[in-house]
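Biologist: Could you take a close look at one part of this model for me, namely the place where the two chains meet, and walk me through it in one connected account?

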There are 2 protein chains.
Amino acid sequence: MLRREFSVAILLAGLAVPPSAHAQTEPLASWRDGVVKRSIAEFVARTTTEGSAQFVAVPERVAVFDNDGTLWTEQPVYFQLAFALDRVRTLAPRHPEWKEREPYKSILAGDMAGVMASGEKGLMEIVAETHSGMTTDEFAKDVIDWLASARHPRFKRPYTDLVYQPMLELLAFLRAHRFKTFIVSGGGVEFMRPWVEGVYGIPPEQVVGSSLVAKFVMQQPDKPVLMKEPRVEFIDDGSGKPVGINRFIGRRPVFAFGNSDGDQQMLEWTAAGDGARFMGLVHHTDAEREYAYDRQSHIGKFDAAWDEGVRRHWTIVDMKADWTVIFPFERK
Amino acid sequence: MLRREFSVAILLAGLAVPPSAHAQTEPLASWRDGVVKRSIAEFVARTTTEGSAQFVAVPERVAVFDNDGTLWTEQPVYFQLAFALDRVRTLAPRHPEWKEREPYKSILAGDMAGVMASGEKGLMEIVAETHSGMTTDEFAKDVIDWLASARHPRFKRPYTDLVYQPMLELLAFLRAHRFKTFIVSGGGVEFMRPWVEGVYGIPPEQVVGSSLVAKFVMQQPDKPVLMKEPRVEFIDDGSGKPVGINRFIGRRPVFAFGNSDGDQQMLEWTAAGDGARFMGLVHHTDAEREYAYDRQSHIGKFDAAWDEGVRRHWTIVDMKADWTVIFPFERK
């Protein structure tokens with residue numbers, strides 16, 4: 001009953017009469033009209049309209065987003081892994097032993113199958129090795145420098161161009177309705193923080209992610225630094241995501257968006273709260289404009305989360321059908 | 001030069017003409033006029049006045065505060081320890097073995113010297129034991145229930161009455177100038193989050209603290225919980241504070257306030273940034289209205305941080321001299 005009532009209200013309150021000056025064009029312009037777009041708009045209307053039975057107070061309007069595959073592309077490899085592989089190539093002259101040691105040998109030989117064969121343990125070693133031994137400030141600079149020069153192998157564009165236009169609109173739409181938007185990603189928190197504010201409008205303090213241990217060291221008198229060590233501190237993936245949300249945010253989200261099995265527990269945690277909840281999943285179905293993958297994919301495997309999403313009537317985005325535009329550069 | 005110029009400007013911009021409707025009375029009313037009050041007001045004027053050489057952009061206005069001894073009283077024992085001791089007494093009937101085992105034996109006998117003799121290890125065990133074995137939601141409720149009934153042994157008031165009025169004014173003053181205020185405390189993050197929003201106006205997502213491990217568990221179908229385990233995950237004290245700031249906030253603060261050696265590295269980390277910085281320390285000098293302690297104190301030891309603060313000209317609050325009112329209830 002309520003849903004029906006608000007499906008009208010939302011056209012007035014949510015879309016046609018945007019509440020902020022920033023949203024003078026249609027706020028979800030790159031979302032095709034249909035069940036998915038309506039489920040988002042109705043949820044926002046129901047939870048932000050005073051007097052609604054499902055009204056959510058402003059401080060409780062916490063929205064969490066996975067990053068890889070949800071806000072930007074994650075193929076052919078997670079972009080952070082592309083960064084790490086480039087660093088291995090850069091650092092190789094200082095590590096002659098890498099020529100004979102996996103997974104470095106495969107990386108230097110350009111053998112991606114060999115790299116992937118090293119499994120999660122090998123990939124973690126690459127990340128730990130290439131993301132440590134410098135200060136947090138130096139690492140942030142390395143990330144920025146890399147993003148300025150690196151290009152995606154298929155799209156031949158900076159990686160930060162490969163963010164999803166519909167999700168940028170969704171972030172802005174939620175913020176216009178006074179939701180606080182957070183990233184909750186399996187990616188490294190220090191890999192994301194240097195650029196997410198400029199790209200997504202999400203400040204560093206609203207980013208939850210995986211991390212290596214950092215150590216406070218007095219490098220010169222009165223000049224402390226934080227040195228990154230090659231030890232994993234926290235993996236913000238799978239059941240680590242609710243743990244990370246609890247630790248960093250300390251409130252249960254009312255709105256969560258992911259795209260893979262690594263996001264399943266984050267959505268379960270969101271769903272288990274009282275009152276109105278929104279759980280969304282991006283299904284990558286567009287091989288032409290982006291990529292198509294799900295149950296069998298090594299990266300962004302979408303299998304158990306898909307089944308649960310269907311069973312529990314979560315909102316599942318069919319990228320090909322629901323998004324009129326994938327990347328911002330398509331609009332130019 | 002700049003300081004002198006702004007000491008005038010601040011009377012106009014900072015104090016006499018508050019920028020927000022919330023601050024229509026004098027914003028630092030409980031701070032006695034003098035060097036300390038002026039150092040705060042001048043810093044805020046210099047960093048928030050457009051065109052100032054030391055102007056700080058709004059997103060970078062991060063202010064961090066220690067909690068115990070900086071925002072509220074920490075004597076005769078940290079209030080979280082008082083909570084833990086009360087829980088030991090409550091849970092004792094279920095643990096007959098405690099009668100013979102330290103530190104529980106001393107707690108149950110009311111022998112505080114014996115409890116303290118168990119050292120940091122004993123205190124950590126008490127916290128781990130009394131803060132685990134329940135869900136995060138259950139724990140939050142336990143904290144709220146305890147605060148509603150427990151009374152401070154000397155002041156005979158709820159612990160949350162024992163917050164410092166001048167610091168409440170400082171938090172409001174900073175927020176009125178668009179600083180984002182964070183707590184960075186050695187105390188447990190889950191002990192603080194249930195009440196800090198109501199008491200300090202600091203939302204749960206702006207609290208950094210120590211934590212135990214939490215584990216995601218599916219308690220019933222589709223009903224996950226986070227179970228608190230008796231294992232320390234992170235100690236947000238001493239050199240852990242810059243680490244916690246980096247991990248949770250991801251920006252270096254421009255303003256930091258503490259009161260003990262456990263805050264020293266947080267202030268050093270703040271001081272090491274570029275541009276204008278404010279480092280403040282509360283010196284507990286008022287045995288009559290609150291407590292007087294410093295170099296020799298077991299709780300809130302203020303020794304190395306004091307020496308460094310003097311050497312580096314950080315702002316040191318003499319509680320007795322600088323605060324006209326200590327607690328909000330004195331004003332009624």
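Modeller: In this predicted model, 38 residues of chain B are in contact with 38 residues of chain A. The area buried between the two chains is about 3400 Å², and carbon and sulfur atoms give 48% of that area. Within the share that chain B buries against chain A, B:Glu205, B:Phe216 and B:Arg247 supply 20%, which is more than any other three residues.

Turning to charge and polarity, there are 14 salt bridges between chain B and chain A, and the count of residue pairs in polar contact between these chains, both at pLDDT 80 or more, is 28. As for where the touching side of chain B comes from, the elements that each supply at least two of its residues include the helices α7 (136-149), α9 (189-200) and α10 (240-248), together with the strands β2 (180-188), β3 (207-220) and β4 (223-234); α11 (264-271) and α12 (304-311) of chain B also each supply at least two.

One salt bridge deserves to be followed residue by residue: the side chain of A:Arg252 meets that of B:Asp137, with 3.4 Å from N to O. A:Arg252 also lies over the face of A:Trp269, at 3.8 Å from the ring centre, so that this arginine can be described both by its salt bridge to B:Asp137 and by its place over a ring, given that a charge counts as sitting over a ring when CZ of Arg is within 6 Å of the ring centre and within 35 degrees of the ring normal.

Terms used
Residues numbered from 1 in each chain as written. Chains lettered and ligands numbered in written order. Predicted model: local features only at pLDDT ≥ 70, side-chain atom pairs only at ≥ 80, totals over all residues. Heavy atoms only, no water. Contact = heavy atoms within 4.5 Å. Buried area = accessible area lost by both parts, 1.4 Å probe. Salt bridge = Lys/Arg side-chain N within 4 Å of Asp/Glu carboxyl O. Polar contact = N/O pair within 3.5 Å; in protein donor to acceptor, adjacent residues only side chain to side chain. Helix = DSSP H or I, 4+ residues; strand = E, 2+ residues; numbered from the N terminus.
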